[in-house]
Amino acid sequence: MKIIVTDEVADQGLALLKQDPRIEMDVRLGLKKEELLALIGDYDVIITRSGTTVDKDLLDAARNLKMVARAGVGIDNVDVDYASSKGVIVVNAPFGNTNSAAEHTMALLMAACRNVTVANASLKAGEWKRAPFTGVELKGKTAGVIGLGKVGGRVATRLKAFECEVLACDPYIAVKRAHDLGVKLVSHDEIYKNCDIITVHTPLTDETKGMIGSRELAMMKDGVIVMNVARGGIIDEPALLDAMNSGKIAIAGVDVWSEEPPRTDVLKGLIAHPRVTVTPHLGANTHEAQINVAVDVSKEILNYLDEKPLENAVNIPRFDMALMDQMRPFLNLVNVMADFGIQLLDGHPEKITFSYAGAIAHYDCSPLTVCGLAALLGRVVEQDVNMVNASLIAEQMGIVVEETKTTSADAFSNLITLIAEGDGKRRTIAGALFEGAPRIVRLRDYAMDFTPEEHMLLLHYADRPGMIGKIGTIMGTHEINIGSMNLGRSEKKGEAMVILSVDSAVPQGVIEEIKQATEATFIRAIHMASVKTSP
């Protein structure tokens with residue numbers, strides 16, 4: 001695997017990759033865009049921070065690229081949607097600088113409230129002034145934390161340690177988490193109306209861009225303190241500057257900007273404002289954080305090489321890592337079922353349904369669905385299909401993908417059913433795990449029980465004496481050894497279905513001979529390219 005590193009990344013993280021003989025790494029810092037476009041086609045992975053823009057031009061030029069590894073929390077500089085359409089995995093390090101960002105929030109807040117920066121400059125200039133730098137205490141203030149994730153949660157804990165009453169707003173956080181942190185969940189408007197201090201800790205998305213604008217600032221208390229150590233653009237900067245100039249906001253602390261480095265008059269006005277304490281995006285800029293994020297993305301690259309689950313891929317649905325050990329066998333099962341089931345369908349599928357029954361239905365099964373979809377589509381399209389682009393490819397092909405769940409599974413503790421429909425045909429396959437290994441337990445309406453093997457032959461015919469003998473005789477004549485046989489039938493002397501596991505592929509001529517001898521209504525040779533019969 002060839003890796004290019006285009007931004008400063010801690011050596012302690014890169015050391016994990018350098019010691020792996022499978023990896024060839026080039027550190028190329030300060031490349032111009034044209035230079036990077038000329039080089040990127042040779043690489044499988046690019047490791048970046050915020051200094052490299054991974055846009056459509058770069059992704060189009062990166063013909064071998066499999067992963068973008070962003071050594072940091074934000075992915076603002078990566079076109080994730082376009083990367084997904086190309087099947088490129090995007091990983092980041094969302095937790096490596098959590099503590100660093102939380103501590104910087106408190107450092108900036110304290111510096112702003114106690115006039116540390118201006119008092120420092122005054123004293124260094126030879127002055128001895130105290131009265132102009134009278135500060136504000138945190139004790140007894142009501143603080144509002146918008147975004148109660150990893151960073152916001154730590155900030156809330158630290159604010160409580162300073163004896164603040166803490167309110168929080170986060171539509172994606174359970175009430176229990178707020179209770180555990182000792183904070184009260186409220187609405188956005190309640191934060192704006194009731195808090196003396198407001199700090200934001202959300203990602204920058206279409207939903208959060210400009211989230212705090214003129215309306216929200218007008219709702220705030222006069223003399224409020226506002227902090228942004230999350231992402232530039234969450235707070236509307238022209239509106240923020242107006243609120244500073246009018247005196248609505250008493251103090252502000254800003255570490256992040258909508259344009260970095262800042263060049264516009266608005267941003268320069270904010271930076272120069274005497275009541276705004278600023279830093280040049282230092283939230284993650286500690287030695288510990290730099291090492292943590294470098295180690296985290298390096299581990300993800302090694303996980304990819306070792307075919308292990310990725311913990312921080314932003315464009316792949318994934319299980320809670322605490323569930324991964326118990327869910328991994330089901331990933332294998334759905335992959336095997338999809339590989340088997342698509343070979344029974346003529347032409348492209350029009351609709352695919354994944355059904356989950358039993359205890360598994362209590363969990364998020366979307367990673368299973370996407371894994372199965374990728375395995376299925378990999379058989380019917382020429383481009384590479386993986387868990388990143390499977391859903392996009394299905395949508396482009398006009399394939400309807402559905403997922404159903406029920407906690408009732410009859411005779412099985414867990415059962416997965418795959419239904420593929422196309423050209424007026426409907427193929428149904430159901431599977432379960434036996435001691436961790438995948439088993440097919442139903443085909444169409446027939447109860448079956450077999451372990452998928454590399455080479456198999458499936459056929460339907462009218463059930464009558466001598467059919468099994470004819471099949472065995474033809475196979476023996478052509479020296480094709482039958483490893484196992486599983487028979488299902490609708491009723492005595494009705495239609496029968498037989499599935500044979502064989503030691504080698506069955507030639508087309510032999511298939512035709514068996515079809516004629518048994519008057520089979522359906523016959524299909526199955527080749528399972530990557531069957532795994534153990535977890």
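## Salt bridges and cavities in a predicted model

Glu421 and Arg426 form a salt bridge, with their closest N and O atoms 3.7 Å apart. The model is predicted. The structure holds 23 salt bridges in total, and the cavity count comes to 3 at 30 Å³ or more. The points below take the salt bridges, then Thr428, then the two largest cavities.

**Glu421–Arg426**

- Glu421 is partly exposed, because its relative accessible area of 23% falls between the 20% and 50% limits.
- Arg426 is also partly exposed, with a relative accessible area of 47%.
- Arg426 falls within strand β16, which covers residues 425-434.

**Asp60–Lys86**

- Asp60 pairs with Lys86 in a salt bridge whose closest N and O atoms are 3.3 Å apart.
- This pair links distant parts of the chain, 26 residues apart.
- Asp60 sits in helix α3 (residues 56-61), while Lys86 is in the loop between α4 (80-85) and β5 (89-91).
- Asp60 has 33% relative accessibility and counts as partly exposed.
- Lys86 has 38% relative accessibility and is partly exposed too.

**Asp76–Arg231**

- Asp76 forms a salt bridge with Arg231, and the closest N and O atoms are 3.2 Å apart.
- Asp76 lies in the loop between β4 (67-70) and α4, and Arg231 lies in the loop between β10 (224-228) and α11 (237-246), so the salt bridge ties together parts 155 residues apart in sequence.
- Asp76 is partly exposed, at a relative accessible area of 47%.
- Arg231 counts as buried, because its relative accessibility of 14% is under 20%.

**Salt-bridge network**

- Asp20, Arg22 and Asp306 are joined in a network of salt bridges.
- Side chains of opposite charge can pair when their charged atoms come close.

**Thr428**

- Thr428 is placed in strand β16 (residues 425-434).
- Thr428 is buried, because its relative accessible area of 16% is under the 20% limit.
- Beyond neighbours within four places in sequence, Thr428 contacts Thr417, Leu418 and Ile419 on one stretch of numbering, and Arg442, Leu443 and Arg444 on another.
- Thr428 is also one of the residues that line the largest cavity.

**Largest cavity**

- The largest cavity holds about 80 Å³ of space.
- Its lining consists of Leu344, Arg427, Thr428, Leu443, Arg444, Leu458, His460, Met497 and Phe522.
- Strands β16 and β19 (455-462) each supply at least two of these lining residues.
- By class, the lining has 5 nonpolar, 2 polar and 2 charged residues.
- Leu443 and Arg444 line this cavity, and both are contacts of Thr428.

**Second largest cavity**

- The second largest cavity has a volume of about 60 Å³.
- Its lining residues are Asn228, Gly232, Gly233, Ile235, Glu237, Leu240, Val254, Val256, Trp257 and Leu270.
- By class, this lining has 6 nonpolar, 3 polar and 1 charged residues.

Methods
Residues numbered from 1 in each chain as written. Predicted model: local features only at pLDDT ≥ 70, side-chain atom pairs only at ≥ 80, totals over all residues. Heavy atoms only, no water. Helix = DSSP H or I, 4+ residues; strand = E, 2+ residues; numbered from the N terminus. Buried < 20%, exposed > 50% of the residue type's maximum accessible area, 1.4 Å probe, protein only. Contact = heavy atoms within 4.5 Å. 1 Å grid on protein atoms, 1.4 Å probe; cavity = no way out; pocket = protein on both sides within 12 Å on 5 of 7 lines; lining within 4 Å. Points joined across faces, edges and corners; volume = space filled by probe spheres on them. Nonpolar A, V, L, I, M, F, W, Y, C, P; charged D, E, K, R; others polar. Salt bridge = Lys/Arg side-chain N within 4 Å of Asp/Glu carboxyl O.
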